[in-house]
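Here are my notes on the model, for reading alongside the coordinates. Please keep the viewer open while going through the points.

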Amino acid sequence: MAIDKVKAYFREYGMEGRVQEFDVSSATVELAAKALHCEPQRIAKTLSFMVEHEAVLIVTAGDAKIDNPKYKAKFGKKAKMLPLDAVETLVGHAVGGVCPFAVNEGVKVYLDVSLKRFETVFPACGSSNSAIELTIMELEEYSGYMEWVDVCKGY
């Protein structure tokens with residue numbers, strides 16, 4: 001399971017114990033916020049796109065929406081999310097648990113500036129009932145991100 005890959009990844013840094021698993025689903029921003037008792041915007045949702053022939057992940061704030069003109073200016077094409085049935089194969093995590101940790105080789109991770117307004121955020125950990133609280137600096141360190149991008153509306 002993908003959550004086991006993520007736990008093993010965080011074990012390398014002595015952080016496995018910070019991975020939270022819930023008895024309820026955290027597969028959507030709203031469900032994750034409810035499970036974590038936090039504001040929905042602090043959920044770090046990981047969106048999966050196809051750029052050229054590669055899977056790309058963009059981690060955004062829970063309340064952020066992709067701005068197509070900004071996305072096109074950054075990636076040179078219109079935003080095209082991965083088909084649901086291809087996400088797990090291409091990224092390494094199923095929809096509902098997609099996160100920027102322990103992803104398949106070659107998957108590029110970008111962090112959107114919509115996250116910068118928070119001290120800590122909650123990305124998923126590879127399953128539809130998991131999360132970890134990370135500072136923005138920790139998210140940078142453990143996500144293996146390429147760069148910060150500005151591809152959401154209003155940020």
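The points below deal with the pocket, the aromatic rings, some buried residues, a few loops and the backbone.

1. Status. This is a predicted model. Every value below is computed from it.

2. The largest pocket. Its volume is about 420 Å³. The lining counts 25 residues, and those closest to the centre are A27, K45, T46, L47 and G96. Two or more lining residues come from each of α2 (29-36), β2 (43-51), α4, β5 (120-123) and β6 (130-131).

3. Character of the lining. Which element gives the largest share of the lining of the largest pocket? Strand β2 does, with six residues. By class, the lining holds 17 nonpolar residues, seven polar ones and one charged residue.

4. Aromatic pairs. The structure has 10 of them. Take F75 and Y110: their ring centres are 5.1 Å apart and their planes meet at 80°, so this pair is edge-to-face. The angle is over the 60 degrees that the class requires. The pair joins distant parts of the chain, since F75 belongs to helix α3 and Y110 to strand β4 (residues 108-112), with their positions 35 residues apart.

5. Burial of that pair. Are F75 and Y110 buried or exposed? F75 has 11% relative accessibility and therefore counts as buried. Y110 has a relative accessible area of 9%, so Y110 is buried as well. The cut-off for buried is under 20%.

6. Other ring features. One aromatic cluster is formed by Y9, F10, Y13, F101 and Y142. Elsewhere, a charge meets a ring: the charged end of K116 sits over the ring of W148, at 4.6 Å from the ring centre.

7. T60. This residue lies in strand β3 (residues 54-61). T60 has a relative accessible area of 0% and is therefore buried. Beyond its neighbours within four places in sequence, T60 is in contact with I43, A44, K45, L47, D112, S114, L115 and C152. Two of these names, K45 and L47, also appear among the residues closest to the pocket centre.

8. R42. The loop between α2 and β2 holds this arginine. Is R42 buried or exposed? R42 is buried, because its relative accessible area is 18% and the limit is under 20%. Not counting residues up to four places away in sequence, R42 touches F118, T120, V121, F122 and E133.

9. M50 and A79. M50 is placed in strand β2, and A79 in the loop between α3 (68-75) and α4 (84-91). They are 29 residues apart in sequence, yet their C-alpha atoms are 7.9 Å apart. M50 and K78 are 28 residues apart in sequence and 9.9 Å apart in space, C-alpha to C-alpha.

10. Contacts of M50 and A79. Leaving aside neighbours within four places in sequence, M50 is in contact with A55, Y71, K77, K80, L82 and L90. With residues up to four places away again left out, A79 touches F49, I66, N68 and Y71. Y71 therefore appears in both contact sets, each judged by heavy atoms within 4.5 Å.

11. Positive phi. Most residues other than glycine have a negative phi. H37 has a positive phi of about 55° although it is not a glycine. H37 is in the loop between α2 and β2, and counts as exposed because its relative accessibility is 74%. A102 also has a positive phi, near 55°, and is not a glycine. A102 is in the loop between α4 and β4. At 19% relative accessibility, A102 counts as buried, with the cut-off at under 20%.

12. N104. This asparagine is in the loop between α4 and β4. N104 has a relative accessible area of 24%, so N104 is partly exposed. Which residues does N104 touch, not counting those up to four places away in sequence? They are K5, E88, T89, L90, V91 and G92. The C-alpha atoms of N104 and G92 are separated by 5.3 Å, with the two residues 12 apart along the chain.

How values were computed
Residues numbered from 1 in each chain as written. Predicted model: local features only at pLDDT ≥ 70, side-chain atom pairs only at ≥ 80, totals over all residues. Heavy atoms only, no water. Helix = DSSP H or I, 4+ residues; strand = E, 2+ residues; numbered from the N terminus. 1 Å grid on protein atoms, 1.4 Å probe; cavity = no way out; pocket = protein on both sides within 12 Å on 5 of 7 lines; lining within 4 Å. Points joined across faces, edges and corners; volume = space filled by probe spheres on them. Nonpolar A, V, L, I, M, F, W, Y, C, P; charged D, E, K, R; others polar. Phe/Tyr/Trp six-rings, centres within 6.5 Å; stacked < 30°, edge-to-face > 60°. Buried < 20%, exposed > 50% of the residue type's maximum accessible area, 1.4 Å probe, protein only. Lys NZ or Arg CZ within 6 Å of the ring centre and 35° of its normal.
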